[in-house]
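Me: Could you take me through one part of this protein slowly, as if I'd never looked at a structure before? I'd like to start with a helix near the beginning and then see how the rest connects.

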Amino acid sequence: MSLALDRGLSLLEHLAAHPDGLPLALMASELDIPLSACHRLLAELQRRGYVRQKRKQGDYVLTTKVVSMGLGYLSSAGIVDIAEPLLARLAQRSGELVRLSIVDGDRLTWVAKSQGQHQGLRYDPDMGMDARLSCTASGHAWLLTMSDERALDLVTRQGFGAPSDYGPKAPTSVKALLGFLHAARVRGYAQIDEVFAPGMSAMAAPVQRRGDTIGVISIAGPRARLTAARMLELAPVLLAAAAELGPISNTSSLFGRPQLGKG
């Protein structure tokens, strides 16, 4: 990858994590890019419509062009049409947030969601994020389908989630993570409580097609509602939804990629 391309992508990724915008000098410093080079790259990104300045000489922010491209891609790939009715049905049944993530190489990315009917506290992480494999129900649901060795390799490369960044029960050791995965394999689906976020619980099941894990469906919500007993009630409908999506997923090109998670 050329240096300019690498730096340009780094700027986009950095701005995506700071929706309120950042000044030129701070970005150059944080990304270790010479100030003049950083300015040239931002000017080019601005010319192409990917970033803008809040005001003249002001902070740089992302435009909606990247979002539009992503949504357009998902729509063209057919995933929205395929998954939307199924996710909406599961969200209505559970009353909580239902999400679909897809396996793309060694990454698991949330791409679609449907919110249940409950009012008040919502658990709604941004779409397009890669799931933290060590401490999300979605991550555990994918990892349970592979060997311990393969699972640990993926988690080690991504890094463990720290309780200070996630939930107080986030596993920070191999032993703790394997405990979650072994229990999930026995259960047939992943289940967490205050692991990804304080006060929140979640459950997730892998979506499989011809023996390959191609995605994950999850249900997440406040632990006061999504209790262990409630998750046990919802397990059959979650597993049924995952089983339903697998066979029909071949109509979307998004699910047609070779997967690296087996083993």
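Reply: Here is a close look at one helix, followed by a walk through some other spots in the chain.

Before we start, keep in mind that this is a predicted model. The chain has nine helices and seven strands, and our helix is α1, which covers residues 3-16.

Let's begin with its length. Helix α1 has 14 residues, and at 1.5 Å a residue they should span 20 Å. The C-alpha atoms at its two ends are 20 Å apart, so the expectation and the model agree.

Now, which residues of α1 are buried? They are Arg7, Gly8, Leu11, Leu12, His14 and Leu15. If you look down the axis of α1, these buried residues fall within an arc of 165°, so they line one face of the helix. Turn to the other side of α1 and you find Glu13 and Ala16, which are exposed.

What does the buried side of α1 pack against? Its buried residues pack against two helices, α2 (24-30) and α3 (35-47), and against two strands, β1 (51-53) and β2 (60-62).

One of those partners, α3, deserves the same treatment. Its 13 residues should span 18 Å at 1.5 Å a residue, and its end C-alpha atoms are 18 Å apart, which agrees. The buried residues here are Ala37, Cys38, Leu41, Leu42 and Leu45. Around the axis they cover an arc of only 130°, which puts them on the same side of α3. Over on the other side of α3, Arg40 and Arg47 are exposed. The buried residues of α3 pack against α1, α2, β1 and β2, so to speak returning the favour to α1.

After α3 comes Gly49, with a positive phi near 90°. Close by in the numbering is Tyr50, and Lys65 lies over the face of its ring, at 4.4 Å from the ring centre. There's another pairing of this kind further along: Arg187 lies over the face of Tyr189, at 5.5 Å from the ring centre.

Next, let's look at the aromatic rings. The structure holds two aromatic pairs. In one of them, Trp110 and Phe196 meet edge-to-face, with 6.1 Å from centre to centre and 65° between the planes. Trp110 sits in strand β4 (residues 107-114), while Phe196 is in the loop between β5 (190-193) and β6 (200-209), so this pair ties together parts that are 86 residues apart in sequence. Both Trp110 and Phe196 are buried. Together with Tyr166, they form one aromatic cluster.

The loop between β5 and β6 also holds Glu194. Its phi is near 55°, a positive value in a residue other than glycine. Is Glu194 buried or exposed? It is buried, with a relative accessible area of 17%. Buried means under 20% here, so Glu194 makes the cut at 17%.

Compare that with Arg210, which lies in the loop between β6 and β7 (212-222). Arg210 is not a glycine either, yet its phi is positive, about 50°. Its relative accessibility is 70%, so Arg210 counts as exposed.

Moving on into strand β7, we meet Ser218. At 1% relative accessibility, Ser218 counts as buried. What does Ser218 touch? Leaving aside residues up to four places away in sequence, Ser218 touches Leu97, Val98, Arg99, Ser138, Met203 and Ala204.

For an in-between case, try His182 in helix α8 (residues 174-187). With 37% relative accessibility, His182 counts as partly exposed. The C-alpha atoms of His182 and Asp148 are separated by 9.0 Å, and these two residues are 34 apart along the chain.

Finally, step back to the whole chain. Buried residues make up 47% of its 263 residues. Among the contacts with a separation of 6 or more, 59% are between residues 24 or more positions apart. The accessible surface of the chain comes to about 13000 Å², and 55% of that belongs to carbon and sulfur atoms.

Terms used
Residues numbered from 1 in each chain as written. Predicted model: local features only at pLDDT ≥ 70, side-chain atom pairs only at ≥ 80, totals over all residues. Heavy atoms only, no water. Phe/Tyr/Trp six-rings, centres within 6.5 Å; stacked < 30°, edge-to-face > 60°. Helix = DSSP H or I, 4+ residues; strand = E, 2+ residues; numbered from the N terminus. Buried < 20%, exposed > 50% of the residue type's maximum accessible area, 1.4 Å probe, protein only. Lys NZ or Arg CZ within 6 Å of the ring centre and 35° of its normal. Expected span 1.5 Å × (residues − 1). Arc of directions from axis to C-beta. Contact = heavy atoms within 4.5 Å. Areas by Shrake-Rupley, 256 points an atom, 1.4 Å probe, with all protein chains shown as cover.
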